[in-house]
Amino acid sequence: MKNGADTKYRDSRLAKDLMQILAIHALLTAGLEKCGAARMCSGKVRKSTRNAIVSAISVIVGTGLAGAAYAMSLSDRFSAQACYARTYTADHLTKHPRQLVAHIWFLNTPSAATGNDRLALEFGFRLRDGRAYSSFAYCSTDGRCATEGDGGSVQFTDRGENLRLSVIDYLVVEGADFSPDLSQSDDRVFLLYPAATRVCG
């Protein structure tokens, strides 16, 4: 879901990148003109300087465009869109027989807040055999989250409007019993989509 805050963030970052482009261009061009005026530079040096200008601009434009694709911080994202989830179809599960998870969700739950700067998320998943598990994850600003009770850790990465979730080491959640370790099956990476809050839980 696109929102005003996300757009404002991207526009602000792009504007800063453009200012950097102009500043570097001005510095390198001034150096080139000074070099030419003093007749101290060979044609090879002037060509090298021009190439440096082009390279510098290319690098900043590249990183600027990448920056424009960055979404908000994980905390801001979950403030704007509380629930991210994925429900897999029977057809998908048939094509991926080693995948155990049929439904997975993450929900911003203010009541789980720890009082520090970490984002507290409630999450859970349902296996294809119907067993369900849920727990809490506590996330840092870089998108890395440690699950409650030493259940493992996961990493969030922006994918446009969606979120990519990767199991870092292992992921085991307690329910009526303990879940299988998702790192040992075809459940290490999930693409989560914005969803209605009722889907998370």
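The side chains of His103 and Thr87 are joined by a polar contact of 2.6 Å. A polar contact here is a pair of N or O atoms within 3.5 Å; within protein, one must be able to donate a hydrogen and the other to accept it, and residues adjacent in sequence count only if both atoms are side-chain atoms. The model is a predicted one, where local features need pLDDT of at least 70 and side-chain atom pairs count only at pLDDT 80 or more, while totals for chains, interfaces and linings use all residues. Residues are numbered from 1 along each chain as its sequence is written, and side-chain values use heavy atoms, with hydrogens and water left out.

His103 sits in strand β2, which covers residues 101-108. Helices (H or I, at least four residues) and strands (E, at least two) are DSSP runs, numbered from the N terminus. With a relative accessibility of 7%, His103 counts as buried, because buried means under 20% relative accessible area, exposed means over 50%, and partly exposed lies in between (1.4 Å probe, protein chains only). Neighbours within four places in sequence aside, His103 is in contact (heavy atoms within 4.5 Å) with Ala85, Arg86, Thr87, Gly124, Phe125, Arg126 and Val199.

Stepping back to the whole chain, there are 4 helices and 8 strands. Read from the N terminus, the order is α-α-α-β-α-β-β-β-β-β-β-β. Of the 201 residues in the chain, 35% are buried. Among contacts between residues at least 6 apart in sequence, 53% join residues at least 24 apart. The accessible surface adds up to about 11,400 Å², and carbon and sulfur atoms account for 57% of that. Accessible areas come from the Shrake-Rupley method with a 1.4 Å probe; for residues, only the protein chains shown count as cover.

Next comes the inside. In soluble globular proteins, nonpolar side chains tend to be buried together. The largest nonpolar core here has 28 residues, and those with the most contacts inside it are Phe78, Phe106, Phe125 and Phe156. Several elements chip in at least two residues each: α3 (74-80), β2, β3 (119-127), β4, β6 (152-159), β7 (162-171) and β8 (189-194). The largest share, 5 residues, comes from β3. A second, separate core has 6 residues, including Ala85, Trp105, Leu107 and Cys200. For both, a nonpolar core is a set of buried Ala, Val, Leu, Ile, Met, Phe, Trp, Tyr and Cys residues joined through side-chain atoms within 4.5 Å. Not counting residues up to four places away in sequence, Phe106 touches a long list of residues, among them Phe78, Cys83, Leu121, Phe123, Phe156, Leu192 and Cys200.

What does a search of the whole structure find by way of disulfides? There are 2 of them, a disulfide being a pair of cysteine sulfur atoms within 2.5 Å. One joins Cys83 to Cys200, with an S to S distance of 1.9 Å. The torsion about this S-S bond is about 80°, so the disulfide of Cys83 and Cys200 is right-handed. This pair links distant parts of the chain, with Cys83 in strand β1 (residues 83-87) and Cys200 in the segment after β8, 117 residues apart. Both Cys83 and Cys200 are buried. The other disulfide is formed by Cys139 and Cys145, whose sulfur atoms are 2.1 Å apart. The link of Cys139 and Cys145 is right-handed too, with 105° about the S-S bond, and both of these cysteines are buried.

Strand β1 also has pairing partners. In β1, 4 of the 5 residues are buried. Two strands pair if DSSP finds at least two bridges between them. β1 and β2 run antiparallel and are joined by 5 bridges, with Leu107 of β2 as the bridge partner of Cys83. β1 also pairs with β8, again in the antiparallel sense, over 2 bridges; here Tyr193 of β8 is the bridge partner of Ala85.

Strand β4 (residues 132-139) holds Ser135 and also Tyr133. Ser135 is buried, with a relative accessible area of 11%, and Tyr133 is buried at 4% relative accessibility. Beyond neighbours within four places in sequence, Ser135 is in contact with Leu121, Glu122, Phe123, Glu148 and Val173. For Tyr133, with the equivalent neighbours left aside, contacts include Phe123, Phe125, Val173, Phe178 and Pro180. The side chain of Tyr133 also makes a polar contact of 3.3 Å with the side chain of Arg131. From Tyr133 to Gly201 is 68 residues in sequence, and 10.0 Å in space, C-alpha to C-alpha.
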